[in-house]
Amino acid sequence: MKDSCCEIDDNACCDSKVSEDTAICKECGSKWKPVNRITLKSLVKEPTLEAIGNPDGFYFCETPDCGVVYFNNEQQVYLHKDDVKARVGIKETENPVPVCYCFGWTQEKIFEQIKQSGFSTAVREIGAKVKAGECTCDIKNPSGRCCIGNVNKVVKRGKELYRVS
Ligand SMILES: [Zn+2]
């Protein structure tokens with residue numbers, strides 16, 4: 001049994017030494033975190049995956065307006081939205097914008113709840129399922145990590161949008 005994906009410390013993935021440049025997306029110039037091979041193998045389209053050969057040492061670019069999703073500077077491979085099976089929520093502006101991949105929460109669903117009732121049950125519901133060990137972020141979420149941080153941001157944005165505090 002593996003630990004819940006949400007209990008992984010943000011720095012736990014980075015204990016192997018990486019040079020600064022390895023983690024920098026050359027298309028947007030930002031530094032990002034590594035993704036596990038299991039995430040790549042689950043979410044990259046098969047022909048692309050076959051062309052890559054080695055799914056190790058990739059990073060996930062989170063810049064909203066950067067078209068890169070995964071990159072590997074050592075192999076000099078850059079994968080874009082077209083290479084990935086799932087919609088990458090943080091890079092989408094049109095519906096549906098997925099937020100939680102394990103339990104199907106989208107930005108619209110969260111915004112709609114806030115519009116209707118002034119609050120969203122997303123964090124509570126996702127949190128409960130995570131605690132029950134039902135999440136599989138490593139194979140469903142393009143970031144390979146737990147969505148809760150992102151869900152919180154979307155809830156905050158929704159509340160600003162509909163002016164509820
Ligand atoms: Zn980028």
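**Exercise 1. Are Cys25 and Cys66 buried or exposed? Work outwards from them to the metal site.**

Step 1. Both Cys25 and Cys66 are buried; buried means under 20% relative accessible area and exposed over 50%, with partly exposed in between (1.4 Å probe, protein chains only). A word on the model before we go on: it is predicted, so local features need pLDDT of at least 70 and side-chain atom pairs count only at pLDDT 80 or more, while totals for chains, interfaces and linings use all residues. Residues are numbered from 1 along each chain as its sequence is written, and side-chain values use heavy atoms, leaving out hydrogens and water.

Step 2. Now look at the zinc ion: its protein donors are the SG atoms of Cys25, Cys28, Cys61 and Cys66, lying 2.3 to 2.4 Å from it. Donors are N, O and S atoms within 2.8 Å of the metal (3.2 Å for Na, K and Ca); water is not among the atoms, so sites may look incomplete.

Step 3. Check the angles. The 4 donor atoms subtend 100 to 120 degrees around the zinc ion, so the arrangement is tetrahedral; for four donors, that label requires all angles to lie between 85 and 135 degrees.

Step 4. Read the spacing along the sequence: C-x2-C-x32-C-x4-C. Cys25, in the segment before β1 (33-34), and Cys66, in the loop between β2 (59-60) and β3 (68-72), are 41 residues apart, and the pair links distant parts of the chain. Helices (H or I, at least four residues) and strands (E, at least two) are DSSP runs, numbered from the N terminus.

**Exercise 2. Which residues of helix α4 are buried, and what do they pack against?**

Step 1. In α4 (residues 122-131), the buried residues are Ala122, Ile126 and Val130.

Step 2. Viewed down the axis of α4, they fall within an arc of 55 degrees, so they line one face of the helix. The arc is that of the directions from the helix axis to the C-beta atoms.

Step 3. Turn to the other side of α4, where Arg124 and Lys131 are exposed.

Step 4. The packing partners of the buried residues are β5 (98-100), β6 (105-106), α3 (107-117) and α6 (148-161), with contact meaning heavy atoms within 4.5 Å.

**Exercise 3. In what order do the strands of the open sheet run?**

Step 1. The order is β1-β2-β3-β4, with antiparallel pairing; two strands pair if DSSP finds at least two bridges between them.

Step 2. Find the edges: β1 and β4 (77-80) each pair on one side only.

Step 3. β3 and β4 pair over 4 bridges, and Phe71 stands opposite Tyr78 in β4.

Notes:
Tetrahedral: all angles 85-135°; square planar, octahedral: opposite > 155°, others 65-115°.
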